[in-house]
Each structure stands twice: as structure tokens, then as C-alpha cells.
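Subject: Structure handover

Hi,

Here is the structure I promised you. Please open it and keep it beside this note while you read.

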Amino acid sequence: MQSMRWAWQYIRKYKIRMIFGLALVLLVSALNMANPYLAGRIVDDVIYGEDRNRLWLILGLMIGFTVLRTIVRYGYQLMFESISQKVIFKMREHLFDRLMGLDFSFYDRTKTGEIMARMTGDMEAIRHFTAWTIYMIFENVTIFIFAVTFMFSVHVPLTLAILAVTPIIGFFAFRLSQDVKPTFTEIRNQFAKLNSVVQENISGNRVVKAFAKEHYEIEKFSNENNAFMAKNLQSAKIWEKYLPVLDSLAGVLTVVMILTGGFMVISGSLTIGELVMFNSLIWALNNPIRSAGWLINDVQRFIASAEKVEELLLTKSQIKNGNHRIGQEIEADIEFDHVYFSYGNGLALADISFTAKPGQTIAIIGPTGSGKSTLVHLLSRFYDVTDGAIKVGGRDVKEWDLHQLRSSMGMVMQDIFLFSDTIEGNIAYGKPDASMEAVQLAARQAEANDFIGMLPEGYDTIVGERGVGLSGGQKQRIALARALLKDPKILILDDTTSSVDMETEERIQKTLNSIQEGKTCFIIAHRISSVKEADLILVLNNGRIIERGTHGELLSQKGYYSHVFQNQYGNFDIHLMAGM
Amino acid sequence: MNLLARNKFNVDEELETPFNMAHLKRLLVYVKPFKTQIMITVIIMLIASGANLIGPYLIKQAIDKEIPSKNIAGLAILAGIYLVALIITGICMKFRIRMMSRIGHSVIKNIRKDLFTHLQNLSFSFFDSRPHGKILVRVVNYVNSLSDLLSNGLINLITDLFSLLVIVGFMVSINAKLAIFAMAGFPILAFVIFLIKNAQRKAWQNLSNKQSNLNAYIHESINGIKITQAFVREEENKKIFDGVSNGYKTSWLKAVRVQFLLWPAIENISVLTVSLIYVIGVSMIGNGITVGALVAFVGYIWMFWTPLANIGNFYNAIINASAYLERIFEMMDEQPTISDRPNAKELPMIKGAVEFDHVVFGYESSVRNLNQVSFRANPGETIAIVGPTGAGKTTIVNLLSRFYDIESGEIRIDGINIETVTIASLRKQMGVMLQDPFIFSGTIMDNIRYGRLDASDEEVIEAAIAVQAHPFINQLKQGYYTEVNERGSMLSNGQRQLLSFARALLADPKILILDEATSSIDTETELALQKGLETLLADRTSFIIAHRLSTIQNASKILYIDKGMIQEEGTHDELIRRRGLYWKLYTSHYSSLKVI
């Protein structure tokens, strides 16, 4: 019922149209009886009764009713389709909205295939329900009620006798709906798994080929594919158990009618005419019962899917939006005040404190997994600190309006993601209305203009998802251009030039220096050359700052930093420089 | 410069071969193995319809005979027969549901398996040239849409055709002339279907495209969510999504608008035909037909249109499914650009001697990404490849694994041209660490073991120790059994590179390729890693692409690549003495350090 209530929020908007549509359904059900009746009249009046002139009238009525009925039916079918599409459109919109707003920790733990399944397979089950099942249920229920009411008006005891079978039918219908529900949940869960295994195979196709693991992948896929079939058959097993029973019980109504009706006629409490009338209406009880099983399936399938969709819609982002907005840009002074953070698996950051003023560059260096990326993710509030506070522009990041906070930042993430769009579209991602000149300027600043110019279609070249087709260094520079185009107050470069050659990196650094006025820049890197110019270098290890200072200061401290320096530059022979 | 993608989410894909009869035949190939089961089901359904037909007859008997004659025993017998008929129908229905779902789901399963298996043979360029969501939708959603057609549609078609024949038979036996008139509706119906068909085909093709676009956009939005949030693009993306979603909605409504026309057409044509029969039949009374015969005839004529409408429905379903089938078969027909030659042999256990002999290659025919590249690597040597980004470094190692085929020249391993051996035997002997470390969902253990599936836990841990991944894995609460996923939750890029490195090493390859394998790994770890690797790399030929000079100085040979050609080749010392490009690269690295 919970799912129904949820779906109702969306359907409610079309209440009037739905009622109108259902009224049309009723009209068509009534018109459905016209043709058999008229056909009967032809046999009785025209053929046997030899009233040949009436033939034209009856045929005219028959054609007229059919035309009317088919038009009305076409009309309400489209109407229900249109309502259901509108409902689905809204649901999808809300789902997408939710997906856009969910935080990193949700995406860290949820498989892409699982989300895809909700957006496709589950939505299809809901669509089918709103477009078809709702009015089919209504049609069947009204026909049933109509027939029962009519039968009561003819003969109460016989009607009661026939209806005596319905509790048994109700019992089986109830059992069906109880037993079939979990199978639909399992089918849709398996559908999500199937989606995931195929999705990962496609995304990881390079690894699969590099390791010649095609057979293993096929085996992995086959397991899920076979399981998907098995889950479907499991559901079919429930159907084959109950649907024939419901179908036969629907027929039992007829048997009861003819047997008790027969006795009543013989004993004189019912006329033969009344029995014939019952007989001509018994289909209106049989058919709804026959359809009931299939409709119960549809409803349970809908509920299984709706639960999953609703669950996603109700997933809360742990990052709550602050409400502080200001008219101008946020000033780029930053303060980390005894920040602690945990992903739930030990401390990822502990006791981090430092300040940065506009115009400064903060570099972060340290071993793999020491918390460097985590630190800048906290600054953008992709996660919230466990303890302590981060202030930007003199205010806790939790108080800022998220959009304004993030708008002030330009970020190049370590794991470069490009969209399957043109290079221009990718660079302008953060500023879709940017002019071509601005895009080119950003590309030049990121030293990307030259290689883009060499592509056959230049800025109009479409790059694949994740930027496949470009080298690592090229992707990094497009991502850098994307961040620079925003002209952000806070620029965050997470391992941005690791795949770029030294000479290009040096040119990029010069450009960055020239545009840095009023901006705060964070650079995460492993190369000394990338960090040496920074105003403050933080050395992280195991989530703690173990050294801090400028390049010169850190060298004289003879700690981790100077050790790294020795490793990178120690054996350099100065005399090689001669002639430079 | 690499082969660049052709398609994005908001562009409909062009269709190479539209649906045709050959597609239908191919679909039937999947159905064929079940022909016995289908025949059995059809027989069962005929029995069921026989049992169904008894019902009205029994009622008629009861009302006309047993009740008026107050024969209670007779009435009870009739009721008893009716009950037996109901039980038979029930049993038949049980079988029908069982058979139909088995057949339908088996066919779906087999089609999907073939499609997926074929997908494994397709080359990088196939995956690179379209959004991944568009491939996914074919394997998962399109195949699913065939389910109804295959399970219910096919068997209903056979039984409907059968009952149509029976009814026509009855009609002809009553009056052949009237029977011919009864079929007058056929040509009109065929004409109407012909009219609707083209519009319906187009509408469903359009719909399948829009569905594909929608999937592609959702897929990409999920994978790119971090960038979207970092760039505050949520509102803009919602607008785009609404556009794509609306495209799907509009094309759906367009499609059903055409599709739903079929039923009114069938019903109206049927009522017209029936009227015609009444007019002709009534005028024929006493003139070739008796009243009784006419009544019997018109009884059948209504029955005649029900299976016909069902067949129309089936036709509708075929038209709709063809929009999916043509895409499915299109993918099955996609030729892998890299495949084993007909007489390809297994590559024997190699020693690891690699030779590039005047290799010329371009990702696209108009461009040359590598030009006349020649070099040799002896077993056990470490070859470092350096040069500006986009110079062709990754291209060289991609060619060695035969991810692409070269234009001219030859690549030899132990003197054997790699194009003459099977791809699997070649790649199995190489360990490749790609630029993008990809992590599968599963445990860390599983991810490393991907390199060699039969490796024991100890061997996996050994590999992790060798690449310095062990310390951080050990710090995780569940250690090697920590669940990770595609986006590598909670693992840093450097950690993912280490896992990917361990995976490559575990494969125990004779040739190891490290493409920027350590770009996100700190110098300390890297040095420790290099020391640990010295013994492990001793009997392997390795190719290292890196920008950090500390990584490459000790290589047996350094290749400096620029503009697709080897500009310089030699050891670190040789190249430094030469005072050329490598020297410039090396010293510029240091000259930037004002401190020196």
C-alpha cells in the first residue's frame, strides 16, 4: 500500500482526466454488449422473423456502435498512455534530481548497474502499471459489480449461491499475491546484477582484453544471465501453481449456476427465462476472475519496482545545504581548524590545521593514500568533516550555500572524467554559455590548444566517455582547461600534471602563476618540480601533517620532503647543465 | 592522437542494415531448438480449446433438455462433465505457462549470451566510438523487450492460425460462396496494415533510438557525477535530462498513436464484412442457403475475426520488436577489426625478445601516428619510452598487445610475427598495466586475482607485497576482503594503480608493460617498489612509460619518441653524452629548480 500511496502522489495530478478516462472505459464496456445483442436480433427478427427491412437499421446501428466504440477506445487508450508517460516523466525527473544531489559516499557504495536498473527496468514496470493495469483493474471490477448487481435484482438466492465460491477464489488470489511478490523482487534484483555485470564489462573492456579474460567474463556473465532466467522461471512456477486454479474456479461459477439454477427451476423457485439471463451474464463474473491472476502479477511487479524507486528517492544526502549566500564572489581565504575525517574505516585525516590567503599556493605531498585527495574533497564539501571545521571566506563551509561554495572552486580531479561530447563541450562544462574565444583561451592556458588544433575536427572532435581516445596527458590538460575556464577563486589541482611531460608542465606553471592574483591554489603532486614554488607545502602521512613550510625550509628540515627531493634529484650531476 | 568517438548521447545512431526477412530467419534459429516443445504446447492448447468449447454446449443441453424434463441425475452428470472439462483446461494451462516461460526465457538467455560473447571479440574502437550506455541498452534492455514476442506471441500465433483454418473450413463446408465474401475484408485489412506499417516502423525505430539516448545520458551522468557536482552543473544537466527524457516520452506517444490504429481498423473492417455477409446471406435465403445454415454461418463469422485480430497483434509485436532486433543483429554483425587469422597458431612460451621492424600505423587512415618505428628489446631488458604527451608512447605498447593492427612493417616476439598467432595466446603472456586503472566490483583479492584466476590467496598477497600495496590493504578493516567497486570507492588513484600493478604482475608475464603505472604513486613507494621488483623483473622484458625521470634512468634502453618516430635511442648515459633531446628533457627538469 505504501507504494500505491507513493505512486498516487504522481497520478493525483491527472485525477480528473483519469476519472474521465475510466468513464469512457465504462462506456466502451457497455457498448461491447451491443454487437452480440444486435447479432441476436438479426437472427431472431430478420432471419427467423423474416422482417427483412429491419436488417438495414440493425446493421446501421451495429456499424455506428462499432465506429463509436473503437474511436472512444482509441481515445482513452491514448489518454492513459499520455497520463502514464507524464507520470513517468515526472518520476524520472525526480529520480535524476535526486541522483544529481546525492553525495559521494552514496556513489562510493552503489553500483552503476543498480542505479541503471532503477532508471530503466523499474520505470518500465511502473509505466506498464499506470498505462494499462490501472484501467484494466477498474474495467474488471466495474464489470463484476455491474453483473452482480444485475443478478441480485433478478434473483437473490441464486446470486448468493454463485458468489459462495468467491471466498475460495479470494483465498487463492491472496495466496498468489503473497507468494509472487518476493519472486518479482528477486527478478528485479537479478536484473540489477545483470545490468552491473554487463556495464562493468563494457567499462572495463580494455582490462578484459589486456588480460585475455574474455572467457572468464563470459562465464561471469553467464552466471548472472542464467540466474536471471532462473528467477523468471521461479516466478512462472508460482503462476503455474495459482493461475490455472483461478481459471478453473472461474468456470466453477458456471457449474454452480447451472446446477443450483437447474434445481431451482425444477423446484419452481426460478423461471427458465431467469436462468437464461443468468447464463448470458455469467461471463461478466468469469472474465474478471480469470484476469485477476494476471492483474495481481502486474500489481506485485509494480510494487517490487516502486519500492526500489521510492527507496532511491528517499535516500538522503548526508551533505545538507547551508543557506548563506552573498551577492559577490566568496573571498578565497581558507582555514582548516583541527580537522578530523573518517570514511568509517579508521581516521583518514587527523588534526589538520592551516590557513591560506588569496594569491597563495598550497601544495600537498605525501605517500599514496595519505589523505591528500580527501583533504581537498572536504574543502569542496563532498564529504563533511568528522570533527573540527573548515572555513572559506571566514565562514564554515557547512553554512554556505553549496552551489555558491562549489562555484567558487575549479577542480581537476585525479581520476579524469570526460563526457562523450565535443572537446569544446567538455571544456565549457562548468560554463555552458562560454564563448569559443574563452574556451580557446582556457585551452591555451592549459597548453591544450596545440594538440586540439591538430585533431581533424579540432574543438568539434567528439571524445568518448572517460575521454578514451586521448592520451593521459591530453585528458589532464582538457580537464585543466575545464577548471580554468570557470576562472575560479579557488583552484584545486589533484595530481593534474602527472602524465604531462616536464616541459609542458613548466609552461603550465608559468601560466598559472600569471593568473593567480586573488586566487588560492591547491596543488597535489608527487614531483618536486610541481610543488617547489608553493607558498606552503604540507607533507601528509597517514592523515597527519608531518612537515610544513616552503621548499627551502623543508629541505633544511632534512625530513620526508628532503628525502623525496634526494630521491628525485640527488644523483643529478650539475655539470650536465653546461651549455644550457 | 587516437581514434575518436563518433557518437554522443544526443545523437541518434545510424542504422547500417534495417530489419529484413533475414533477421526474422535468424530469430527463428534461436527458436528452432524448441520446436518439439512448441508443438507439444500447441497440442495442449488445442486440447484446452476443445475442453473450453464443451462448456457452452453442456449449458445448452442443460437448459434445453435436462432442466425442462426435470432430470436431476442428467443435470448432475452434465455438471460433472463440466467440472472434468475445467480440470483438464486447468492442467493444460499449467503446462502452457510452464512451457511458454521456459521457451521464451531460454531464447532470451541464448540471444543475450551470443550478443555478450560477440561483444568480447569487438575491438577497442567499437567501445571508444559510442557512449557505453548505448551498448548496455542493447545487451540488457533491447533483448528483454523480445521476451513477450517470444513467449506468448509465437505460440498464440500457431494456435490462432490453426483455429482460423478450422473456422474457415467450417464456413466453406456450410457455404463456399459466403465464405469467399467473408474473406473480402482481407485485402482491405492488408492494405490498411501496409499503410500503418511504415509509419509504425519509423516510430518504433525512433523510439528505440530515444531509449538508447536516454540510457546513454543516465549512464554517463552516473559515472561523471563527481565532475558534475564539482562544477555545479546539476541544474544544467537536469535541463538536458528533461530534454532527453521528453524526447523519449514524445516518441513513445507517437509510436502508440500509430500502433493503436490497428485494432480499430480490424474491428471496423470486421463489422463491415459481417454486415456484408448478413446482407448477402439474407438475400440468399431460399436461394442457395437455408435459414439454419445462415444462422450457423453467422455464428462462425464472429469467431473468425478473433484469431485474425490476434494475428494482427502478433504482427504489431513483430514490427515493434524489429526496431530492437535490427540493433541486436547489427551488433552481432559488427566485425571485430582485430581477429585471429584463419591459420593462426598458438604462441609458444616466449623468452621475451621484442622487435619492431619499420612499423607504420595510424588510428585513422589519414593520420600516421607511428612512422617507420624500429627497435629491439632482448629478453629481460627494461625499455623506457619517453617523449612529449601525444607523441605515440602508448601507441607503441598498444600495438605490441595487438590492440590495433599495423599498416606496414612487422612486430615480432621471439622472431614470430604477432599477427600470425592467436590473440589470446599472445595477450596471456603479457602483463599490461593501463593508464586508467580499472577496478571491478568485488573484493581487493578478486581484483588482483583477475591477472591469474587460479592464483592462490598467498600468491595474490605476494604480488601485493611486491608492489608495496600490502601495507595499505592491511590497514583496511577487512583487508583483502574489502569490497571495492568500479569507481574504486575510498581508494586513491595511487592505490588503484598499485592494485592494477599487482594484477599485472600476478599474471606472471614474460613481457610487462607499465603505461604510466606509477604516475600517482609517491616517490618513496615507487623506489621501494623498484627495489622489490628488481628480482621480479629480472627475467621479464618490460616496457615503462613514465614522466618521472627517477623511474626511467636505470632502464636498459631509453627510446625518445616524438611525432611518431624514435628520435633517440640508448642508455641514460649514452643519451646524456649525446646532448640531444633526452639530455634537454633531463636537464630542463632540473634547471627549473632555482635552488641548484
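Leu405 of chain A counts as buried, because 25 C-beta neighbours fall inside 10 Å and 20 are enough for that label. Bear in mind that this is a predicted model. Leu405(A) sits in helix H14 of chain A, residues 402-407. Which residues does Leu405(A) touch, not counting those up to four places away in sequence? They are Ile330(A), Arg381(A), Val392(A), Val397(A) and Trp400(A). Ser267(A) is another matter. Leu405(A) and Ser267(A) are 138 residues apart along the chain, and 88 Å separates their C-alpha atoms.

One of those contacts deserves its own look: Arg381(A). This residue is not a glycine, yet its phi is positive, about 55°. Arg381(A) is placed in the loop between H13 and strand S4 (387-392) of chain A. Is Arg381(A) buried or exposed? Arg381(A) has 24 other C-beta atoms within 10 Å, so it is buried.

Now step back to the helix ahead of that loop. Helix H13 of chain A covers residues 372-379, and eight of its eight residues are buried. Lys372(A) and His377(A) are among them. So are Ser373(A) and Thr374(A). The rest of the buried set in H13(A) is Leu375(A), Val376(A), Leu378(A) and Leu379(A). Arg381(A), with its positive phi near 55°, follows H13(A).

There is another positive phi to check in chain A. Asp351(A) is a residue other than glycine, and its phi is near 50°. Asp351(A) lies in strand S2 of chain A, residues 347-356. Asp351(A) has 14 C-beta neighbours inside 10 Å and therefore counts as partly exposed.

Next, the domains of chain A. The assignment gives domain 1 (1-101), domain 2 (108-317) and domain 3 (334-570). Taken over C-alpha atoms, the centres of domain 1 and domain 2 of chain A are 21 Å apart. How many residues of domain 1 of chain A are in contact with domain 2 of chain A? There are 22, and they meet 21 residues of domain 2 of chain A. On the domain 1 side, helices H1 (2-11), H2 (15-32) and H4 (54-101) of chain A each supply at least two residues. H4(A) gives the largest share of that side, 13 residues. By class, that side of domain 1 of chain A divides into 13 nonpolar, six polar and three charged residues.

Then the contact between the chains. Chain A puts in 151 residues and chain B puts in 153. Which helix brings the largest share of the chain A side? Helix H10 of chain A, residues 214-267, does, with 28 residues. The side of chain A that touches chain B has 75 nonpolar, 49 polar and 27 charged residues.

On to chain B. Its assignment lists domain 1 (21-333), domain 2 (357-429 + 510-525 + 540-596) and domain 3 (437-508). The C-alpha centres of domain 1 and domain 3 of chain B lie 50 Å apart.

One helix pair in chain B is worth rotating into view. Two packed helices are described by the angle between their axes and the distance between the axes. Here the pair is H8 (residues 185-223) and H10 (residues 234-259) of chain B. Their axes come within 8 Å and cross at roughly 160°. Angles over 145 degrees count as roughly antiparallel, so H8(B) and H10(B) are roughly antiparallel to each other. The crossing of H8(B) past H10(B) is left-handed. Their contact has 13 nonpolar, ten polar and two charged residues.

Finish with a residue in that second helix. Ser251(B) lies in helix H10 of chain B. Why does Ser251(B) count as buried? Because it has 20 C-beta neighbours inside 10 Å. Leaving aside neighbours within four places in sequence, Ser251(B) is in contact with Asn206(B), Leu207(B) and Lys210(B). Ile108(B) is 143 residues from Ser251(B) in sequence, and their C-alpha atoms are 26 Å apart in space.

Best wishes

Notes:
Residues are numbered from 1 along each chain as its sequence is written. Chains are lettered from A and ligands numbered from 1 in the order in which they are written. This is a predicted model: local features need pLDDT of at least 70, side-chain atom pairs count only at pLDDT 80 or more; totals for chains, interfaces and linings use all residues. Axes are lines fitted to C-alpha atoms, for helices over the stretch in contact, and angles run from 0 to 180 degrees between N-to-C directions. Helices (H or I, at least four residues) and strands (E, at least two) are DSSP runs, numbered from the N terminus. Angles under 35 degrees count as roughly parallel, over 145 as roughly antiparallel, 65 to 115 as roughly perpendicular and the rest as oblique. A crossing is left-handed if the near helix is turned anticlockwise from the far one by less than a right angle, and right-handed if clockwise. Ala, Val, Leu, Ile, Met, Phe, Trp, Tyr, Cys and Pro count as nonpolar, Asp, Glu, Lys and Arg as charged, and the others, Gly among them, as polar. Two residues are in contact if their C-beta atoms, placed from the backbone, lie within 7 Å. Domain bounds come from an automatic or database domain assignment. A residue is buried if 20 or more other C-beta atoms lie within 10 Å of its own, exposed if 12 or fewer, and partly exposed in between; C-beta atoms are placed from the backbone.
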